[in-house]
Amino acid sequence: MRDNSKRLSAGADPAPAVAAQPVPTLDFSTPTEIVDLPSRGRFYPEAHPLHGAEAIEIKFMTAKDEDILTSPTLLKKGIAIDRFIQNVLVDKRINVGSLLSGDKNAILVASRINGFGADYTTKVTCPNCSTVGEHTFDLAEVEEYLGDDLEGLDIQPTEHGTYIISLPRTKFQVEVKLLSNKDENELAQQMEARKKSKRLETNLTDQLRKIVVSINGVEDRSLISQAIDAMPAFDSRYLRSAYLKVVPGLDMTQHFTCGACGFGKEVDIPMTVDFFWSKQ
Ligand SMILES: [Zn+2]
């Protein structure tokens with residue numbers, strides 16, 4: 001019966017019974033774009049929506065997003081950027097805290113480009129003569145690093161998305177994990193708290209405590225903490241530089257030439273508040 005009626009009506013008259021009236025309308029849907037994830041979806045657990053995902057879909061920045069980015073309350077709490085990223089993610093199952101920091105940066109830079117263009121003008125202090133001058137970075141030139149340049153380093157990936165790094169002096173086998181955005185925020189809060197209470201700042205060891213999962217298979221946090229405190233500086237430096245090699249993300253260094261003294265150097269593109277508020 002249903003099939004018949006369909007065929008009949010289709011055959012009877014292809015034109016709609018009532019002519020559509022032109023109704024004034026505005027399309028509010030925000031355009032989206034696809035951003036490559038430097039992690040390529042590695043390191044996300046199986047249950048995570050980004051497990052194995054090479055890219056992520058984000059909405060273009062809207063005026064509402066600009067509100068978030070300029071909200072003094074959110075800025076003071078330091079959560080404006082996270083709130084903003086959460087907002088532009090199309091897949092609402094993804095929590096911004098669970099993003100790897102390199103992937104988060106890729107989303108930030110892509111959003112900055114689609115919202116305000118690739119030219120980023122900000123103040124840079126010359127490392128040579130300390131003159132503060134304006135410099136324009138080209139965000140379109142920022143390249144991703146996949147965390148795969150491990151040549152000459154004793155680093156082994158594990159099945160759980162972690163790496164085992166062998167330390168040259170103590171010969172410790174140190175298992176490290178990649179930091180999520182949430183981990184990095186906690187670390188920043190920890191550092192801020194120590195600074196405020198004028199306690200000894202322990203930024204380097206705090207960071208190591210955060211990334212180290214186990215040492216020689218031992219997972220006891222207290223033992224790991226003691227081992228980190230007692231670690232020879234040579235090993236701790238090796239561990240930090242090896243860690244930087246496995247972390248996928250964006251290469252945020254670009255060439256800067258000082259207008260005052262002519263000194264040239266590769267510098268980190270500052271990811272300060274200016275990033276979204278610099279003049280066009
Ligand atoms: Zn200079």
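Colleague: Is D65 buried or exposed in this model?

Modeller: The model is a predicted one, and in it D65 lies in helix α2, which covers residues 63-70. Its relative accessible area is 3%, and since the cut-off for a buried residue is under 20%, D65 is buried.

Colleague: How many Å separate the C-alpha atoms of D65 and V267?

Modeller: Along the chain, D65 and V267 stand 202 residues apart. In space, the separation between the C-alpha atoms of D65 and V267 is 29 Å.

Colleague: What arrangement do the 4 donor atoms make around the zinc ion?

Modeller: The zinc ion is coordinated at 2.3 Å by the SG atoms of C126, C129, C258 and C261. Four donors count as tetrahedral if all angles lie between 85 and 135 degrees, and the angles subtended here run from 105 to 111 degrees, which makes the arrangement tetrahedral.

Colleague: How are the donor residues of the zinc ion spaced in sequence, and how many residues apart are C126 and C261?

Modeller: The donor residues follow the spacing C-x2-C-x128-C-x2-C. C126 sits in the loop between β3 (119-125) and β4 (132-138), whereas C261 sits in the loop between β11 (253-257) and β12 (264-268). The pair thus links distant parts of the chain, and the separation of C126 and C261 in residues is 135.

Colleague: Is C261 buried, partly exposed or exposed?

Modeller: Among the zinc donors, C126 counts as buried because its relative accessibility is 2%. For C261 the relative accessibility is 36%, and because values from 20% to 50% fall between the two cut-offs, C261 counts as partly exposed.

Colleague: Which element gives the most to the lining of the largest pocket?

Modeller: The largest pocket holds about 1400 Å³ of space and is lined by 42 residues, with S101, K104, N105, E184 and M271 nearest its centre. Elements that give two or more residues to this lining include α5 (101-116), α6 (181-196) and α9 (233-246). With 9 residues, the element that gives the most is α6.

Colleague: How many residues in the lining of the largest pocket are nonpolar?

Modeller: The lining draws at least three residues from each of domain 1 (32-145 + 250-277) and domain 2 (155-247). By class, 8 of the lining residues are charged and 10 are polar, while the number of nonpolar residues is 24.

Colleague: Is K171 buried or exposed?

Modeller: K171 lies in the loop between β7 (163-166) and β8 (173-176), and has a positive phi of about 65 degrees although it is not a glycine. Its relative accessibility is 56%, and because the cut-off is over 50%, K171 counts as exposed.

Methods. Residues are numbered from 1 along each chain as its sequence is written. This is a predicted model: local features need pLDDT of at least 70, side-chain atom pairs count only at pLDDT 80 or more; totals for chains, interfaces and linings use all residues. Side-chain values use heavy atoms; hydrogens and water are left out. Donors are N, O and S atoms within 2.8 Å of the metal (3.2 Å for Na, K and Ca); water is not among the atoms, so sites may look incomplete. Four donors count as tetrahedral if all angles lie between 85 and 135 degrees; four count as square planar and six as octahedral if opposite donors are over 155 degrees apart and all others between 65 and 115; anything else is irregular. Helices (H or I, at least four residues) and strands (E, at least two) are DSSP runs, numbered from the N terminus. Buried means under 20% relative accessible area, exposed over 50%, partly exposed in between (1.4 Å probe, protein chains only). On a 1 Å grid over the protein atoms alone, a cavity is a set of points where a 1.4 Å probe fits but cannot get out, and a pocket is an open set with protein on both sides within 12 Å along at least five of seven lines; lining residues have an atom within 4 Å of a point. Grid points are joined across faces, edges and corners, and a volume is the space filled by probe spheres set on the points. Ala, Val, Leu, Ile, Met, Phe, Trp, Tyr, Cys and Pro count as nonpolar, Asp, Glu, Lys and Arg as charged, and the others, Gly among them, as polar. Domain bounds come from an automatic or database domain assignment.
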